[in-house]
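Me: I have a structure open and would like to take a close look at one part of it with you. Could you walk me through that part and then set it in the rest of the chain?

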Amino acid sequence: MKKWMSKKIAKLLCVCLTGAVLVGCGNENKSNDEVVLFTYDGQKAYMDEAWVYAKTIQSQYEAWYGSAVWDYEVNDNDGNKTTMEELTKKDIVEQMKMVKFLSAEAKKNGIALTEEEETEIKKNAEDFMSSVGQDDLTQTGITEDTMIRVYEENALASKYHNKVIEDAKIEVSDEEARQFKTYNLLFETFEYDDNGQKVEYSAKKKAEQKQKAEEALARIKNGETNLAKLAKEYKADKSSEYTCGDDESTVKEYRDAAKVLKKGEVSDIVESEFGYHIIKMLDPKDKEATEENKEKLLQEKEAEYFNEKYEEMTKELEEKWDFEKDVNQKAFATITLKQVEADTTSTDEATQEEATTAQEE
């Protein structure tokens, strides 16, 4: 199971659909609520449902990245080149599989929607249906029943997801989440060239920077307390207050030196890939930053746990799953995310040519 699933679960399982732009292709012989896109763990996924997911994600991605996003060339999980459109379409199938499986597990475990939740779902479905045109709804096959189904499955899946997390009783300690505020007096040992590439200073220039750091440290030991003043004087322009913790997001040399300092203490010169640091501890435990980090770490732990649990629950299903065989490829091909504008000029010219030919005959 890919990592992105864990981050999307909370958002996807509460799909925000109101106002999505609906355009698409129907099926010549059957309506989309009859066309099965795939079956997973005995649960059928229909084309009208797939269009809901597709058009919701289309609306979100285009708002973030623009309508040209679907032509971007990307790598799939196997490292093969594909377009963003094709990759996203396959992701939609994975999302639907997850929702179908989790909502079924919710029912098996006696989880149900409350009367209030059912009422809210019906209202959301009605609001959605009134926000789009009939032509668009006809083209995609989305009905009020479609929306109720999708909303209900997502709500049940979300409830089961939350139950799995709650049962695990995952915790993050204050010490684990601790964030400390420091002042980073930094004498850099590199610069960027015109192409944005990192270029190391010459040995001579590095030695000059180290000498500046040694002079600054000597002044601090002699009573200078204003590191920002020193940064300005020595033109150490990248110096600033810096909040970090004992995690890999901070350069190891920096965090190892910083985390042992007490309030007001200053480190010796610390060398890292960025240059020479002099670190002053401003606050050994930044309360606000620690609480934010605690929530972030908790979400990460919960996501990692759920990923592992989901992989465990669907292991046998995934061993048998074959995208090419198990997905109705003909129906899948009709799902489009890229908006293709008709070439009216060429069409008009062709029509005119046909008319002229017919007249001559």
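Is Arg255 buried or exposed? Please start there and work outwards.

Reply: Happy to. Arg255 is buried, with a relative accessible area of 12%. Please keep in mind that this is a predicted model.

The side chain of Arg255 meets that of Asp246 in a salt bridge, with an N to O distance of 3.5 Å. Asp246 is on the other side of the burial cut-off: its relative accessibility is 48%, so Asp246 counts as partly exposed. As a general point, side chains of opposite charge can pair when their charged atoms come close.

Asp246 also leads us to another arginine. Arg178 is in contact with Asp246, and its other contacts, leaving aside neighbours within four places in sequence, are Cys244, Gly245, Lys259, Pro284, Lys285 and Thr290. Like Arg255, which is buried at 12%, Arg178 is buried, in this case with a relative accessible area of 15%. Since buried means under 20%, both values qualify. Arg178 sits in the loop between helix α7 (174-177) and strand β5, so let us follow the chain in both directions from there.

Going forward, we enter β5, which spans residues 179-188 and pairs with β10 in the antiparallel sense over eight bridges. One pair you can pick out by eye is Lys181, whose bridge partner in β10 is Asp283. β10 itself covers residues 275-283, and seven of its nine residues are buried, so this strand is largely enclosed by the rest of the structure. If you are looking along β10, a general rule helps: in a regular strand the side chains alternate between the two faces of the sheet.

β10 has another antiparallel partner in β9 (residues 270-272), with three bridges between them. Here Ser272 stands opposite Gly275 of β10, and the two strands form a hairpin with two residues between them.

Going backward from Arg178, we come to α7, where Asp174 is found. The side chain of Asp174 meets that of Lys294 in a salt bridge, at 2.7 Å from N to O. This pair links distant parts of the chain, since Lys294 belongs to helix α11 (residues 287-313) and lies 120 residues from Asp174. Both ends of the bridge are partly exposed: Asp174 has a relative accessibility of 37%, and Lys294 has 24%.

A salt bridge within one helix makes a useful comparison. In α6 (residues 144-168), Lys163 and Asp167 are four residues apart and therefore separated by about one helical turn. Their side chains meet in a salt bridge at 2.8 Å, N to O. Lys163 counts as partly exposed at 29% relative accessibility, and Asp167 is also partly exposed, at 49%.

These pairs belong to a wider set, as the structure holds 30 salt bridges. Asp246 and Arg255 make one of the pairs we have visited. Elsewhere, salt bridges that share partners join Asp48, Glu49, Lys100, Arg149 and Glu153 into one network.

For a contrast with the charged pairs, turn to the surface around Trp64. Together with Tyr65 and Tyr72, Trp64 makes a nonpolar surface patch of about 390 Å². Trp64 lies in helix α2 (residues 47-65) and is exposed, with a relative accessible area of 56%.

Stepping back to the whole chain, the secondary structure comes to 15 helices and ten strands. Of its 361 residues, 39% count as buried. The chain exposes about 21400 Å², of which carbon and sulfur atoms supply 46%. Contacts between residues at least 6 apart in sequence are mostly long-range, with 73% of them joining residues at least 24 apart.

Finally, a word on confidence before you build on any of this. The average pLDDT of the chain is 86, and 85% of the residues score at least 70. Two stretches call for care: over residues 1-28 the pLDDT stays under 50, although the model has 82 contacts for them beyond four places in sequence. Residues 342-361 are also below 50, and that stretch has zero contacts in the model beyond near neighbours in sequence. Where pLDDT is low, the predicted coordinates should not be read in detail.

Methods: Residues are numbered from 1 along each chain as its sequence is written. This is a predicted model: local features need pLDDT of at least 70, side-chain atom pairs count only at pLDDT 80 or more; totals for chains, interfaces and linings use all residues. Side-chain values use heavy atoms; hydrogens and water are left out. pLDDT is the predictor's confidence in each residue, from 0 to 100. Contact means heavy atoms within 4.5 Å. Buried means under 20% relative accessible area, exposed over 50%, partly exposed in between (1.4 Å probe, protein chains only). Two strands pair if DSSP finds at least two bridges between them. Patches are made of residues with over 30% relative accessible area and no salt bridge: like charges are joined within 9 Å, nonpolar side chains (Val, Leu, Ile, Met, Phe, Trp, Tyr) within 5 Å. Accessible areas come from the Shrake-Rupley method with a 1.4 Å probe; for residues, only the protein chains shown count as cover. A salt bridge is a side-chain nitrogen of Lys or Arg within 4 Å of a carboxyl oxygen of Asp or Glu.
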